[in-house]
Amino acid sequence: MKKLLTLAVISIAVFTLFSCTGKSKSNTAAQNETKKQEETVMSTAATESNGMAAKFMKSAEKAKVEAEAQSAEIEGFEQKEPIFESAARHGFKFGTVINPQNLQKKSYTDMVKADFNSLTAGNEFKAYTLLSQSGSQKSENGMPVMNYYNADNIAKFAQENGIGIRGHVLVWDAYMPAWFFREGYKNDGAFVSSDLMKKRLQYYIEEVIAHFETNFPGVVYCWDVVNEAVGDGANEYKEGDERHVRTSRGGTTNYFYDVIGPDYVELSFKYARQAAKKANANIKLFYNDYSTFYSPKREAIGKLIESINKNEKLCDGVGMQGYVGGYGQQAGCMSANDINLFKNAIVFYSNLGLEVHVTELALRNYDKTKAVQHANYYENFFKMLASVADEYKTLTCVAIWGICDNPSLPKNDYSYKMNGPYCGMYNYDCSKKPEFFKVIKALE
Ligand code: GLA
């Protein structure tokens, strides 16, 4: 037994010894292997990150060099004349947008007075702002009643400073209150007949055109008669309608179409022309829309204007809104191809015998680090505008909607997405950005 026990102890000891040695041997090998692998990974990562860092440094350096070159170009730059004078040499007015808040901001009004000779009210000339529901409900002749308070303040500012106004807009289905189309102007009234609605619309158009012409003679030099009446998808217009006149917008009924009928656009132009004649006003009439430089919208707009002008020239021109670049995102911004498409569209409308206004230009940019490229894009865009204006002589106004940067807007804000936070020629405080000087350079 003792012998047996001794043997067992010896064999356990030997096994332990060997297995421990084996273990420690293979452990070392594995650790070495792991270490080697780690070293390889680390050195590869180091090489890669060195490469990336080098690349980053290169692009950062490049951006820095470009930014320095741009500021050197701008430094000491002397503006010889207001931009609207440079634009006038190419035959177009230089415009921007204003709202009642801007009107209270001296830096904004100074900016406007210095370089612009056309203004568009953000919302104050629109029917949904002008129409008074309570006033209309009490109206003695049954026709709509308007409240011009904010619009008049803008018109007064323009008049006092010798600036023209793009009247924007008489007929737009978006945000249009349904009560305007209902009996007694009540929220729950039945929809009125097509005939009565035509009378209301005609009255509205006549009154509004006459109001501004009477109170601010010659200030409103054109009106967008209808905005965005061409549908985007086949579900937004009737099959077979080559004008693509929208029956709905994002699922909401277009009441103008529904209550008046498929010819509400043509009728609006007829009423507007009659109203301008009656008021003895020298006003150009425009059809305004977005995506005007893309097919098939471009062609549908052509067909719609052909229909408006079938018997008499009622529509003088096309308003190209001009939101250029990705919607709410950097992808698609500052594309050279868009400049080309824009130019082709101006040529297309010019060849139809129409004037062209760029009405709501926003050269979108969502990325602050792309400031240099954005300024260059501005230059290229305005070079295109100047050259097409010189050649065709039909481009008569360029109005910028995305005029000042607004980086503090939340990303889900509509204006953030529409314009892009770094779209401007000016910073938020209305100080000039390189884009400002690039526009001057492009118009030289
Ligand atoms: C459209 C209208 C403008 C304005 C913008 C949004 O383009 O024509 O008046 O409401 O939408 O900023």
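# Exercises on a predicted model

S291 has 16 other C-beta atoms within 10 Å, so it counts as partly exposed (20 or more other C-beta atoms within 10 Å of a residue's own make it buried, 12 or fewer exposed, and anything in between partly exposed, with C-beta atoms placed from the backbone). Residues are numbered from 1 along each chain as its sequence is written. The model is predicted, so local features need pLDDT of at least 70 and side-chain atom pairs count only at pLDDT 80 or more, while totals for chains, interfaces and linings use all residues.

**Exercise 1. Where does S291 lie, and what is its phi?**

Step 1: Look in the loop between β9 and α11, where S291 lies (helices are DSSP runs of H or I with at least four residues, strands are runs of E with at least two, and both are numbered from the N terminus).
Step 2: Check the backbone: phi of S291 is near 55°, a positive value in a residue other than glycine.
Step 3: Stay in that loop and find P296. The S295 to P296 peptide bond is cis, with omega near 0°.

**Exercise 2. Is C430 buried or exposed?**

Step 1: Go to the loop between α14 (414–419) and α15, which holds C430.
Step 2: Count the neighbours: 21 other C-beta atoms sit within 10 Å, so C430 is buried.
Step 3: Note that C430 also has a positive phi, near 75°, without being glycine.
Step 4: Move on to α15 (residues 434–443), where 8 of the 10 residues are buried, so the rest of the structure largely encloses this helix. Among them are P434, F436, F437 and L443.

**Exercise 3. Work out what span helix α13 (residues 371–392) should have at 1.5 Å a residue.**

Step 1: Multiply 1.5 Å by one less than the number of residues.
Step 2: For the 22 residues of α13 this gives 32 Å, and the end C-alpha atoms are 32 Å apart, so the two agree.
Step 3: Now look at burial along α13: the buried residues include H374, Y377, Y378, F381 and L385. An α-helix has 3.6 residues a turn, so residues three or four places apart point the same way.
Step 4: Just past the end, K393 follows α13 with a positive phi, near 60°.

**Exercise 4. Which of the words "roughly parallel" or "oblique" fits α12 and α13?**

Step 1: Get the angle: α12 (residues 336–351) and α13 pack at about 20°, with axes 10 Å apart (axes are lines fitted to C-alpha atoms, for helices over the stretch in contact, and angles run from 0 to 180 degrees between N-to-C directions).
Step 2: Pick the word: α12 and α13 are therefore roughly parallel (under 35 degrees is roughly parallel, over 145 roughly antiparallel, 65 to 115 roughly perpendicular, and the rest oblique).
Step 3: Try another pair: α8 (residues 194–215) and α10 pack at about 40°, their axes 9 Å apart. That makes α8 oblique to α10.

**Exercise 5. Name the residues around the ligand.**

Step 1: List them: H168, N227, Y290, Q321, E360 and M418 (a residue is near a molecule if its C-beta atom, placed from the backbone, lies within 6 Å of it).
Step 2: Sort this shell into 2 nonpolar, 3 polar and 1 charged (Ala, Val, Leu, Ile, Met, Phe, Trp, Tyr, Cys and Pro are nonpolar, Asp, Glu, Lys and Arg charged, and the others, Gly among them, polar).
Step 3: Look again at H168: its peptide bond to V169 is cis, with omega near 15°. V169 sits in strand β5 (residues 164–172).

How values were computed. A residue is near a molecule or strand if its C-beta atom, placed from the backbone, lies within 6 Å of it.
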